[in-house]
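Student: Please take one part of this model and look at it closely, in a single connected account rather than a list. I would also like the cut-offs behind each term where it comes up.

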Amino acid sequence: MGKKLEGNGFWESSRIILPEHREGYLRLMREEQRRNKPELDEQETRLIERALIDSYNRRTEVMVSIFDPFDDTTMTGVVTSVNTARREIKLSRGEDDFSWIKLEDIISVG
C-alpha cells in the first residue's frame with residue numbers, strides 16, 4: 001500500500017477506461033488503417049472492361065477484386081447484366097445469388 005501513496009501511485013492504480021473512450025480509441029485506430037483507392041491507368045481500365053464484356057458475352061466466370069478502404073473483397077461469378085447508365089454490373093454466383101457492383105469500385109479482374 002505504501003507504493004500507492006508515493007508520487008502518482010494513487011492515480012496510476014485507480015485508472016479506468018470508460019466504454020465511450022475505448023470505442024473512440026478503437027474507432028481512431030481503425031481510421032488510421034484506412035487506405036486510398038488506387039488510381040488505374042487507362043490501359044488497366046480497358047482490360048477490366050474487356051474481361052467483364054467477355055464474361056457477359058460468353059457467360060464465363062470471372063474473379064473480380066472490389067476496393068474497400070480497409071480490406072479488398074474478391075468475388076467470383078458470371079456477369080449477367082450491364083447497366084451503362086448507372087455504370088454497374090450484375091455478378092451472379094448462382095440462380096438467386098447476385099451482387100450489383102459499381103465499375104468504379106473494381107480494381108482488377110482475373
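Tutor: Two strands are taken as paired if DSSP finds at least two bridges between them; the strands themselves are DSSP runs of E with at least two residues, while helices are runs of H or I with at least four, and both are numbered from the N terminus. The model is a predicted one, in which local features need pLDDT of at least 70 and side-chain atom pairs count only at pLDDT 80 or more, whereas totals for chains, interfaces and linings use all residues. Residue numbers start from 1 along each chain as its sequence is written, and side-chain values rest on heavy atoms, with hydrogens and water left out.

The part to examine is the sheet. The protein has 3 helices and 5 strands, which follow one another from the N terminus as α-α-α-β-β-β-β-β. The 5 strands form an open sheet in the order β4-β3-β2-β1-β5, with antiparallel pairing. Its edge strands, each pairing on one side only, are β4 (98-102) and β5. On average, neighbouring strands of this sheet are turned by 50 degrees against each other, direction ignored, the axes being lines fitted to C-alpha atoms and angles in general running from 0 to 180 degrees between N-to-C directions.

Within the sheet, β1 and β2 make a hairpin with 6 residues between them; they run antiparallel and are joined by 6 bridges, and Glu61 has Val78 of β2 as its bridge partner. β1 is also joined to β5 (residues 106-109), again antiparallel, by 3 bridges, and here Val64 has Val109 as its partner. Towards the other edge, 5 bridges join the antiparallel strands β3 and β4, with Lys90 standing opposite Trp100 in β4.

The sheet also contributes to the largest nonpolar core, a set of 11 residues that includes Ile48, Leu52, Val62, Val64, Ile66, Val79 and Ile101. A nonpolar core here is a set of buried Ala, Val, Leu, Ile, Met, Phe, Trp, Tyr and Cys residues joined through side-chain atoms within 4.5 Å, where buried means under 20% relative accessible area, exposed over 50% and partly exposed in between (1.4 Å probe, protein chains only). At least two core residues come from each of α3, β1 (61-66), β2 (73-83) and β3 (88-92), and β1 gives the most, with 3 residues. Ile101 touches Ile66, Met75, Arg87, Glu88, Ile89, Leu91 and Ile106, leaving aside residues up to four places away in sequence; a contact means heavy atoms within 4.5 Å.

Helix α3 (residues 42-58), which holds Tyr56, meets the sheet at β2 as well, since Tyr56 touches Val79, Thr80, Ser81 and Val82, not counting residues up to four places away in sequence. Tyr56 and Val79 are 23 residues apart in sequence, yet their C-alpha atoms are 4.8 Å apart in space. Tyr56 counts as partly exposed because its relative accessibility is 33%.

Two loop residues deserve a separate check. Most residues other than glycine have a negative phi. Arg59, in the loop between α3 and β1, has a positive phi near 60 degrees, and Arg87, in the loop between β2 and β3, has a positive phi of about 55 degrees. Arg59 is partly exposed at 47% relative accessibility, and Arg87 is likewise partly exposed, at 46%.
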